[in-house]
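Work through the exercises below with the model open beside you. Try each task before you read its solution.

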Amino acid sequence: MKDRINDFVIKLANVNGTGSASANNLLMKAIFRMGIPVVGKNFFPSNIQGLPTWYEIRVTKDGCVARSGRVDIMVAMNAQTYGQDRDEVSPGGYLLYDSTWPRDQKLHRDDIILLGIPLAQMCNEAFADARARVLMKNVAYVGALAALLAIDMDVIRGLLQKTFAAKEQLMAANMQAIQLGYDYASEHFNCPLPISVAAMNQTDAYMLIDGNTAAALGCVYAGATVAAWYPITPSTSLMDAFAHFCDTYRKEPSTGKNRYCIVQAEDELAAIGMVIGANWNGARAFTSTSGPGISLMTEFLGFAYYAEVPAVVFDIQRGGPSTGQPTRTQQSDLLACAYASHGDTRHVLLFPANPEECFDFAVKAFDLAERLQTPVIVVSDLDIGMNDWMCPRLKWDDSYQPDRGKVLSKEELENLDTFYRYVDKDGDGICYRTYPGVHPKGAYFTRGSGHNEHGGYTEDPVEYQQVLDRLARKSDTAATVVPQPVVMRKRGATSAFIALGSSDGAVKEALIRLEKQGVAMDYMRIRGFPFSHDVQKFIDMHQRVFVVEQNRDAQLRSLLILELNVSKRKLISILHYDGFPMSCDHVLEGINETLAEGSAA
């Protein structure tokens, strides 16, 4: 194989519950600490223990964030999946396996190289405790890979010292296992392999973080003090991170008392109800959930939309429908979120594409929810939320002031003759509101039933239509204040891509490969809904637009057709929905299929 420095993929096949996650994370962090861009993708089962799990590390000197579509080194530690893991190795690649038991025939392929290391035997001889033998077997393959790939052992040692600073015995055991693997590989193979790493300086301004942790930190910075939730994969880690940050930063310094409230509700409907109540009372409150939770929350989301109460929801999308695939990623909640509830409802959606935007959009969501007096849903997914991303170090402006929107103070209420909750004085569809208990003049009924602009109950058709028309004007206002699209243009391009969220990395890499082939295409990444006027203009200036998304039913394409003046024929779907993050190969295959169909016609 031709030498490939800092440009390859390692895939580690294991069994859930054997401690492989810590070993794999150590491996990726060590490469990152050498200044080399990396991205990690975790493919894990929805049970606690016993089923196959994979972790994929892409070492990418160019800083790509999508899957590459190839596997250069497979670490096969799960006998149940040997055949599948062997078949995934790209021609000329390597398969590292535990040779404690003879398995060469089962793993053999003429076009790959087998690297047998007796990991279990070495650990059985070195460690007395049965559990330690299982755990250290995974740590030992990190040492073997360090030798095979030329990973700096001092970096690994430093990471272990940081991890086990207060546990010298664990530090020693882990380092012993790593040394076992390193020494064996060094003695039995030509190290390093043609596939290897070399130190760079491309990660100094970056950090490794997942989107759920970044979003939770954004909630803290935004001033959120109340959260209600019901556990659901893959959003649980967002609330776990928020609880951790609050426990660290939201305690009264003098007394140690909590300055926050986190409630695990009996279900998702109760959770969103608590969030709406807290926001109505003036707190910044949110919930995190996934597709099944959105389904349960729709009744209250419609109430908050019509009664005009702020609320923030983080939807970390997973495979559906129904229970679907809890530990797989998709973009299959777009329509459910945009129109959640019965009747004429249109919600504000934000679409982050990476952890940095999860942090930024968390703050933006609270500001928009209060400014627009409506639910705002941050629509992320499992790939962004739970996988390890290299992103720029998060930045914060200390001069930030929360946008509380049109809230009347006690003094302003005293100077009013009368206050009517649903009167639009400024023509932007957004009315003035009050916090409960501020002043008697600010009292009103919060109505989810038919009401007029004064807040009174009505079944009068004219009064009812007035309110719905005003809410439509507010939606138009929302289109101007949600995060605007990011556009990349190439000279001479007549075709373009549109995508959102975690599809971004695959599209950007496809653009680079197409440009090398002499094909110029433009690209728009949508970051908010309702769509801004720029989306319509972008589509109008192209002959055809490929809409790239991760669901079966082309939900983003459907939204574009429903909301804009767009020809169906102009929008060509490229769909990926097997539950795994997409690669640029999926994008290129979609284009090639379209070109082939055009030639056949």
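The exercises that follow concern a predicted model.

**Exercise 1. A six-stranded sheet**

Task: Find the open sheet of six strands and state which strands are at its edges.

Solution.
Step 1. Write down the strand order, which is β3-β4-β2-β5-β6-β7. The pairing in this open sheet is mixed.
Step 2. Look for strands that pair on one side only: these are β3 (38–43) and β7 (113–117).
Step 3. Add the twist, which averages 15 degrees from one strand to the next.
Step 4. Check one pair in detail. β2 and β4 (residues 52–60) pair in the antiparallel sense, over nine bridges. Within β4, E56 is the bridge partner of K11.

**Exercise 2. Two packed helices**

Task: Describe how helix α1 (residues 20–33) and helix α5 (residues 130–149) pack.

Solution.
Step 1. Recall what is needed: two packed helices are described by the angle between their axes and the distance between the axes.
Step 2. Read off both values. The angle between α1 and α5 is about 20 degrees, and their axes are 8 Å apart.
Step 3. Classify the angle. Angles under 35 degrees count as roughly parallel. Therefore α1 and α5 are roughly parallel to each other.
Step 4. Give the handedness: α1 passes α5 in a right-handed crossing.
Step 5. List the residues that make the contact. From α1 come S20, A23, N24, L26 and L27. From α5 come N138, V139, Y141, V142 and L145.
Step 6. Sort the contact residues of α1 and α5 by class: seven are nonpolar, three are polar and none is charged.
Step 7. Link back to Exercise 1. Helix α5 also lies across β2, β5 (73–76), β6 (94–98) and β7. The helix runs at about 165 degrees to β2.

**Exercise 3. A strand inside a second sheet**

Task: Decide whether the residues of strand β18 (residues 495–500) are buried or exposed, and explain what that says about the strand.

Solution.
Step 1. Use the cut-off: buried means under 20% relative accessible area.
Step 2. Count. Six of the six residues of β18 are buried, so the strand is largely enclosed by the rest of the structure.
Step 3. Remember the rule for a regular strand: the side chains alternate between the two faces of the sheet.
Step 4. Split the residues by direction. S495, F497 and A499 point one way from β18, while A496, I498 and L500 point the other way. All of them are buried.

Task: Which strands pair with β18, and in which sense?

Solution.
Step 1. Take strand β21 (residues 544–549). β18 pairs with β21 in the parallel sense, over four bridges.
Step 2. Take strand β19 (residues 522–526). β18 pairs with β19 in the parallel sense too, over five bridges.
Step 3. Follow I498 to both sides. Its bridge partner in β21 is V547, and its bridge partner in β19 is M524.
Step 4. Add A496, which stands opposite V545 in β21.

Task: Place β18 in its whole sheet and find the helix α18 that packs on that sheet.

Solution.
Step 1. Write the order of the five strands: β17-β19-β18-β21-β22. They form an open sheet with mixed pairing.
Step 2. Name the edge strands, β17 (486–488) and β22 (571–575), each of which pairs on one side only.
Step 3. Give the average turn between neighbouring strands of this sheet, which is 20 degrees with direction ignored.
Step 4. Add helix α18 (residues 533–540). Packed on the sheet, α18 touches β17, β18, β19, β21 and β22. The direction of α18 makes about 155 degrees with that of β19.

**Exercise 4. Backbone details in loops**

Task: Where are the cis peptide bonds before P192 and P234?

Solution.
Step 1. The bond from C191 to P192 is cis, with omega near 0 degrees. P192 lies in the loop between α7 (168–188) and β8 (195–196).
Step 2. The bond joining T233 and P234 is cis, with omega about 10 degrees. P234 sits in the loop between β10 (226–229) and α9 (236–249).

Task: N6 has a positive phi. Is N6 buried or exposed?

Solution.
Step 1. Phi of N6 is near 60 degrees, and N6 is a residue other than glycine.
Step 2. N6 lies in the loop between β1 (4–5) and β2 (7–15).
Step 3. The relative accessible area of N6 is 4%, so N6 is buried.

How values were computed
Residues are numbered from 1 along each chain as its sequence is written. This is a predicted model: local features need pLDDT of at least 70, side-chain atom pairs count only at pLDDT 80 or more; totals for chains, interfaces and linings use all residues. Side-chain values use heavy atoms; hydrogens and water are left out. Axes are lines fitted to C-alpha atoms, for helices over the stretch in contact, and angles run from 0 to 180 degrees between N-to-C directions. Angles under 35 degrees count as roughly parallel, over 145 as roughly antiparallel, 65 to 115 as roughly perpendicular and the rest as oblique. A crossing is left-handed if the near helix is turned anticlockwise from the far one by less than a right angle, and right-handed if clockwise. Contact means heavy atoms within 4.5 Å. Ala, Val, Leu, Ile, Met, Phe, Trp, Tyr, Cys and Pro count as nonpolar, Asp, Glu, Lys and Arg as charged, and the others, Gly among them, as polar. Buried means under 20% relative accessible area, exposed over 50%, partly exposed in between (1.4 Å probe, protein chains only). Two strands pair if DSSP finds at least two bridges between them.
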